[in-house]
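Please work through the following exercises with the sequence and the structure side by side. Try each task on your own before you read its solution.

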Amino acid sequence: MLSLLLWRVGILLEGLLLLRGFRGKTLAKYPFFFAYIAFALADDVLGYMQYWFAGWGSYAKWFWVGEFLALIVGCGIILEIFRCVLSPYPGAERFARTAGFSVFVAIAGFALIYPHTMPALSPGGTMFELERDLRTVQAIFLVGLFGVIRYYGIPIGKNMRGMSLGYGLNVAALLVGSAVRSYAGVPLPGTWNGIMQQASYGLALLIWTISLWSYHPNPVPDTSVRLEEDYEAFAARTRSAIGAVRVHLTKAARQ
Amino acid sequence: MIELIFFLLVGALLLLSLLFFTPGKPKGRKDAKPLAEVQQALDVLQFGLLSPDMVGRIFVKKDFDYVMSETTREVQRFFLAERRRLALAWVEQVHRQIVSLRRFHLGSARFYARLRFLSEMRLAWDFATVLFACRTLRAAVYLRGPYAAPRLVGATTAAAARVCGVSEKYLDFLRPARMMSFGDDSAGGSVE
């Protein structure tokens with residue numbers, strides 16, 4: 001009952017969000033994000049109709065296809081945050097891109113080694129495990145992205161803050177849910193786990209609806225110091241200054 | 001079970017990063033006058049906090065020896081408490097100026113398209129360790145008193161000399177870029 005209620009509320013919020021995106025002209029500003037919402041709405045409406053007319057068994061077959069596609073389309077939200085927040089800051093963007101690529105290489109390497117060192121995936125839990133692993137990759141990318149934004153003190157507007165918060169909460173809840181399911185083998189519908197995932201998605205939709213009600217661009221940086229010379233020299237000088245202070249403070253602390 | 005814990009930890013890490021990432025208002029470092037800010041931080045370090053006179057007055061034992069030999073126990077206790085407070089305030093100020101230097105670096109580097117990932121990582125490490133050293137020093141002064149580190153004067157004076165030398169070059173490096181940006185502004189470029 002609660003599950004159905006959350007489902008209906010989710011469809012309503014997705015529709016409202018798309019409507020607001022269209023009327024508030026945010027749809028063109030955040031195309032990846034609204035593509036995700038449009039996909040989620042189509043997925044939910046079709047799934048709901050299937051459930052209504054053909055019953056749960058028929059819907060369950062469709063569920064994983066929709067879930068997997070939503071996961072892929074959801075990566076667009078990470079791209080959206082990356083594009084909108086970091087594009088005015090080429091240095092921070094480059095740093096985040098390199099960090100992201102390094103993480104990707106590390107994960108790809110781990111994925112190649114993992115099957116040879118660990119027991120095979122359990123056949124029944126393969127989809128849970130796949131979802132869990134992909135959500136983990138998303139979570140690591142988000143943590144890295146938020147870390148770079150925080151480290152460089154990049155200001156963020158209301159739209160981006162809401163988009164990040166909503167998607168981050170949703171990914172965290174889905175990751176925890178899929179990890180617990182793949183460990184305990186709990187089936188999805190009607191359990192606390194399924195309800196928690198639906199509720200977290202509902203919360204994310206609520207956050208998105210409020211924060212993306214109208215267009216709030218990211219604050220534009222006022223000034224920038226233009227570093228015309230070699231960056232390496234700039235970094236080395238700062239490093240040298242910090243190194244000198246560190247050595248002396250460490251010495252002093254030991255005395 | 002270990003697998004489950006790992007995935008739960010990643011989820012918790014994401015939630016924690018959300019807590020730090022989404023404060024109530026849009027957060028950002030002030031962009032205005034970064035060069036003036038770093039110059040001020042360096043001046044405070046060079047001519048104030050790390051000057052031999054000030055460091056000597058706070059940390060050298062001469063005053064302490066005099067008070068110990070000439071005054072009552074109550075005065076000695078008061079003197080020690082005051083000196084400790086002063087020393088802690090000094091470490092706190094050094095910490096603050098280093099944070100200011102870091103802010104300046106990050107505020108500049110984030111705009112630089114040819115930024116090097118490894119150099120940034122090393123710098124991040126350097127800043128983190130210096131700030132950690134400051135905290136360690138603060139703990140040492142708090143626990144063992146201002147005279148627990150008698151060679152502090154020499155060490156900090158040497159640090160001041162080195163930091164000043166490096167900082168002057170550092171600012172010389174940035175000033176031409178600043179001038180170029182003013183030139184661009186007059187030609188209709190970005191306004192600072």
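**Exercise 1: A helix and its length**

Helix α6(A) has 27 residues, and from its first C-alpha to its last it reaches 39 Å, close to the 39 Å expected at 1.5 Å a residue; the expected span of a helix is 1.5 Å times one less than its number of residues, and helices (H or I, at least four residues) and strands (E, at least two) are DSSP runs, numbered from the N terminus. This is a predicted model, in which local features need pLDDT of at least 70 and side-chain atom pairs count only at pLDDT 80 or more, while totals for chains, interfaces and linings use all residues. Residues are numbered from 1 along each chain as its sequence is written, and chains are lettered from A and ligands numbered from 1 in the order in which they are written.

Task: Find how many residues of α6(A) are buried, and say which residue follows the helix.

Solution: Begin with the term itself: a residue is buried if 20 or more other C-beta atoms lie within 10 Å of its own, exposed if 12 or fewer, and partly exposed in between, with C-beta atoms placed from the backbone. By this count, 22 of the 27 residues of α6(A) are buried, so that the helix is mostly covered. Next, look just past the helix, where A:G185 follows with a positive phi, near 70°.

**Exercise 2: A second helix for comparison**

Task: Check the span of helix α6 (residues 117-144) of chain B, and list its buried residues.

Solution: The 28 residues of α6(B) should span 40 Å at 1.5 Å a residue, and the end C-alpha atoms are 40 Å apart, which agrees. The buried residues of α6(B) are B:E120, B:L123, B:D126, B:F127, B:V130, B:A133, B:C134, B:L137, B:A140 and B:V141. After α6(B) comes B:G145, whose phi is positive, near 90°.

**Exercise 3: Helices that pack**

Task: Describe how α6(A) and helix α1 (residues 2-21) of chain B are arranged.

Solution: First take the geometry: the two helices pack at an angle of about 170°, with their axes 9 Å apart, where axes are lines fitted to C-alpha atoms, for helices over the stretch in contact, and angles run from 0 to 180 degrees between N-to-C directions. Angles under 35 degrees count as roughly parallel, over 145 as roughly antiparallel, 65 to 115 as roughly perpendicular and the rest as oblique, and α6(A) and α1(B) are therefore roughly antiparallel to each other. The crossing of α6(A) and α1(B) is left-handed, a word used if the near helix is turned anticlockwise from the far one by less than a right angle, and right-handed if clockwise. Then name the partners: residues including A:L165, A:L169, A:A172 and A:L175 in α6(A) meet residues including B:L4, B:F7, B:G11 and B:L14 in α1(B).

Task: Compare this with α1(A) and α2(A) by giving the distance and angle of their axes.

Solution: The axes of α1(A) and α2(A) come within 9 Å and cross at roughly 145°, and the crossing is left-handed. Among the residues that make this contact are A:W7, A:I11 and A:L18 of α1(A), together with A:F34, A:L41 and A:Y48 of α2(A).

**Exercise 4: The nonpolar cores**

Task: Find the residues with the most contacts inside the largest nonpolar core.

Solution: A nonpolar core is a set of buried Ala, Val, Leu, Ile, Met, Phe, Trp, Tyr and Cys residues joined through C-beta atoms within 7 Å. The largest has 56 residues, and those with the most contacts inside it are A:I149 and A:L175. Helix α6 (residues 158-184) of chain A gives the most to this core, with 11 residues. Apart from it lies another core, of 20 residues, among them B:L101, B:V130, B:C134 and B:L137. Two residues are in contact if their C-beta atoms, placed from the backbone, lie within 7 Å, and A:L175 touches A:R132, A:R135, A:T136, A:A139, B:F7, B:V10 and B:G11, not counting residues up to four places away in sequence.

**Exercise 5: An unusual phi**

Task: Locate A:K25 and decide whether A:K25 is buried or exposed.

Solution: A:K25 lies in the loop between α1 (2-23) and α2 (31-54) of chain A. A:K25 is exposed, because 11 other C-beta atoms lie within 10 Å. Its phi is positive, about 60°, although A:K25 is not a glycine. Most residues other than glycine have a negative phi.
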